[in-house]
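Student: I should like to go through this model and ask, for each label, what justifies it. Could we begin once the structure is in view?
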Amino acid sequence: MNKLKLNYSSISFLPILVCIPLGYQLITNLHFGGLNLFQEFLISAFNPKINNEIIITVINRLNETILIGFFSWLVSIIFGAIFGILSSNIFYKVFNIPNIVSSIIKFFLTIIRSIHEVVWGIVLMQIYGINSSIGIISICIPYIAVNSKVFAEQLETINYKTFESINQINAPKFSSLLTLIWNPIINTFKNFGLYRLECSIRSTVILGLFGIGGIGTSIFLSFQTLNFRELWTYLWSLTILIILSELIFKKIKFNNTNKILSIFFIAVFFATILLSISYFLYFVFNNNYENFNSFRSLFKSSSYLGLLDFLKLIFETIILSLLSTGIAISLPPLLILIFNSNTSKILIKIFAFLLRLIPTPLILLTLLTFNNPSLSLAALTLGLHNAGITCKLLFTNLDRQDKRNYIAMRSLGISKKTSWLLGLFSQQAKSYLAYCAYRSDIIIRETAIVGVIGSVGLGWQLQESLSSFALREITIVLMAYSSIAIVGELINGKIKNSLT
Amino acid sequence: MNNTLLELKNISYKYENNLILNKVNLKINSGEKIALLGKSGSGKTTLISVINGTIKPTKGEVKLFKKSFDELDRKQKRNITTIWQDLRLIEDLSAEQNVNCGLLAEKNLYFAFKNLLNISSFKKAHKYMQLCKLHHSIYAKKISKLSGGQKQRVAIARSLIQGSNILIADEPFNNLDPKLITTIKNLLLENIDKNNIKSPKTTLVALHRLDLLKDFDKVIGIKEGKIFFNIERSNLKKFHLDKIY
């Protein structure tokens, strides 16, 4: 018998097998109690509430969302670049500092990165109360760490020989460093900056669902009051915002040879650093720490979380990540393969856009109208949302790809589906899997969001511990989260390296 | 009078268990024009990297101005410039920005900033680029858009603009046509010091073309990491070359 040989294409489809246990649990958990609500939710999409009052609210809430998203982005991308430089090897080579300092900075950034912005938001809200600056800070903390990783990775691509030749000129160290890092930093801003702005706006919406403000808060409130028509007004306005921003981002082309623009960007760079530091100091010295002090006394509180329960939660979180990753990897190529006509592709694109648009907590709450809370439901939610993102990437890459193989296969009379699989997708599969490895890092962190709402894993425990001010439990849960995310990042890093 | 600028004492360099340089002893005096000959892989580039301080020898001592590299201050280190065989230019910068990089040592951080923003003065850079016969139409072009010969001359201009006394060059005539070779050779070997243009007084040039030897004072032959001869150019005989090729 021939041995089964796996290639990148088949590996992309295999994870869909997670749907077997997942589907089984979902079917057994099915209920029809909320079917009417679900119907109403769907119908309201075509009949959103439109009047003067709601339009003004939408504009105000969108403004708030854009402002929180924009400032979080600006601060996180600039400080991300700074920490990226400080954690890259090139900095230590130029200044002849032992690499151990870089390793220490990288380690701390990895820990900060491993905790999702929602978790930061919930914790900071408990300490400082609700306000917009908490939203900005909650997004900035993990985003600075995420951006710094991207910048550091770009700086690692600097040719060692170029470093030697600049170093050999014996210029002042800062001049050498600046000359070496300038282009990688500018290129990262160009290629990555606007994408991060989009991420920042999405995170603002999600944080809004947890009460931090902006359109997310309005979405959550209208969902809680089952005011679906109002809910859809917010969702459609968010759709318009995202489509508009995507169109604008496509048009924006940074030209770093434009002197006035370059000087403007540098002015913004330094102004942001100065203002951020000033604001941070103001925030630290002008805050009322009464909540924090009462929080501190709870350090002595004993934990009621048994070891077995805790291990169960960790296990649940890992399984949740694996199941979601499986869906996110396999669903997009499988859907495109099965429904290969041009009309189907447009429908898949719209479906993927909606999955990206609707925040995960909202998808989960909607699914809860006809299914009991379970690990499978949380995994399905997270998997679907991330499948929306991987689907967009797959379509973008397939559109850019050379189609000669596909055309040649079609001209030989091979079916459309087979030609797509062998002539198009097979060439994309490796890079697609590499991106999915990166995406699974994010999925691990996002388990916190669905966990909080879907009563699964460590996310749920975090919410419970926060509600009862059990700080010791919170610390343990955060450490566990962080450890899972770090281990996941290490494994995914290895997978990604082997694929690129 | 002892005017030794650079001295290599018993230098050995090992890389992954291979002995690349084997007990090399060498003295370079001020004003000397030295040609370094040897087959590809004979250790020429490694010797150059040891001389300019880019790599530290496994054994032995390198002395520049009678001091080891660690004892030299930045100003003294600036007295040595290198034209690398693989050029080592910054691909994303323009030709004139790359040449201006040669001035980084004598300028401050603000100059580096202005150079990257393309708002610094390129007057001096243009002067050296003209000397290297680079046409003004390529001054603002990115390195990645230039031909091999143009890149070679940008690297040479970047090296010369540093105004160092000692030039170490690893096959600087690659990619150049015969007419340009003569121009560049004159630029590297003639002691020019006028109109704000200064060429290095002491040069060590690794090369393959034997017809270019006539302009050098001394010739060093290297094979398998060992110096086989270090003689006046006038004393060079065929058997010397047979030893190393």
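Student: What makes helix H1 (residues 44–51) of chain B mostly covered?

Tutor: The model is a predicted one, and in it 7 of the 8 residues of H1(B) are buried. A residue is called buried if 20 or more other C-beta atoms lie within 10 Å of its own. The residues that meet this cut-off are Lys44(B), Thr46(B), Leu47(B), Ile48(B), Ser49(B), Val50(B) and Ile51(B). Just after the helix, Gly53(B) takes a positive phi of about 85°.

Student: Which strands does H1(B) lie across?

Tutor: H1(B) lies across E1, E2 and E4 of chain B, and runs at about 55° to E2(B). These strands belong to an open sheet of 4 strands with the order E2-E1-E4-E5 and antiparallel pairing.

Student: What makes E2 and strand E5 (67–68) of chain B edge strands?

Tutor: Each of them pairs on one side only.

Student: How do you know that strand E1 (residues 4–15) and strand E2 (residues 18–29) of chain B pair?

Tutor: Two strands pair if at least two bridges are found between them; E1(B) and E2(B) are joined by 8 bridges and run antiparallel. Tyr15(B) has Asn18(B) as its bridge partner in E2(B), and Glu7(B) stands opposite Lys27(B) in that strand. The hairpin has 2 residues between the strands, where Glu16(B) takes a positive phi near 45°.

Student: How many bridges support the pairing of E1(B) with strand E4 (residues 59–64) of chain B?

Tutor: There are 5 bridges, in the antiparallel sense, against a requirement of at least two. Glu7(B) has Lys63(B) as its bridge partner in E4(B).

Student: Why is one side of strand E6 (80–83) and of strand E12 (226–232) of chain B left without a neighbour in the sheet?

Tutor: The sheet in question is open, with 6 strands in the order E6-E7-E10-E3-E11-E12 and mixed pairing. E6(B) and E12(B) stand at its edges, each with a single partner strand, so one side of each has no neighbour in the sheet. From one strand to the next, the twist averages 15°.

Student: In which sense do strand E3 (residues 33–37) and strand E11 (residues 218–223) of chain B pair?

Tutor: They pair in the parallel sense, over 4 bridges. Ile34(B) has Lys218(B) as its bridge partner in E11(B). Helix H7 (residues 178–189) of chain B packs on this sheet, where it touches E3, strand E7 (166–170) and strand E10 (202–206), and its direction makes about 140° with that of E10(B).

Student: Turning to chain A, why are helix H7 (residues 117–128) and helix H8 (residues 132–155) called oblique to each other?

Tutor: The two helices pack at an angle of about 140°, with their axes 8 Å apart. Angles over 145 degrees count as roughly antiparallel and 65 to 115 as roughly perpendicular, while the rest beyond 35 are oblique. The value falls in neither of those ranges, and H7(A) and H8(A) are therefore oblique. The crossing of H7(A) with H8(A) is right-handed.

Student: Which residues meet in that contact?

Tutor: Among those in H7(A) are Trp120(A), Leu124(A) and Met125(A), and the residues they meet in H8(A) include Ile134(A), Ile137(A) and Ile141(A). By class, the contact has 9 nonpolar, 3 polar and 1 charged residues.

Student: What makes the phi of Asn170(A) noteworthy, and is the residue buried or exposed?

Tutor: Most residues other than glycine have a negative phi. Asn170(A) is not a glycine, yet has a positive phi of about 60°. Its place is the loop between helix H9 (160–168) and helix H10 (173–209) of chain A. With 24 other C-beta atoms within 10 Å, Asn170(A) is buried, the cut-off being 20 or more.

Student: Why is Lys133(B) called partly exposed?

Tutor: Lys133(B) has 16 other C-beta atoms within 10 Å. Buried requires 20 or more and exposed 12 or fewer, so Lys133(B), with 16, is partly exposed. The residue lies in the loop between helix H5 (123–131) and helix H6 (148–160) of chain B, and its phi, near 60°, is positive although it is not a glycine.

Conventions. Residues are numbered from 1 along each chain as its sequence is written. Chains are lettered from A and ligands numbered from 1 in the order in which they are written. This is a predicted model: local features need pLDDT of at least 70, side-chain atom pairs count only at pLDDT 80 or more; totals for chains, interfaces and linings use all residues. Axes are lines fitted to C-alpha atoms, for helices over the stretch in contact, and angles run from 0 to 180 degrees between N-to-C directions. Two residues are in contact if their C-beta atoms, placed from the backbone, lie within 7 Å. A crossing is left-handed if the near helix is turned anticlockwise from the far one by less than a right angle, and right-handed if clockwise. Ala, Val, Leu, Ile, Met, Phe, Trp, Tyr, Cys and Pro count as nonpolar, Asp, Glu, Lys and Arg as charged, and the others, Gly among them, as polar.
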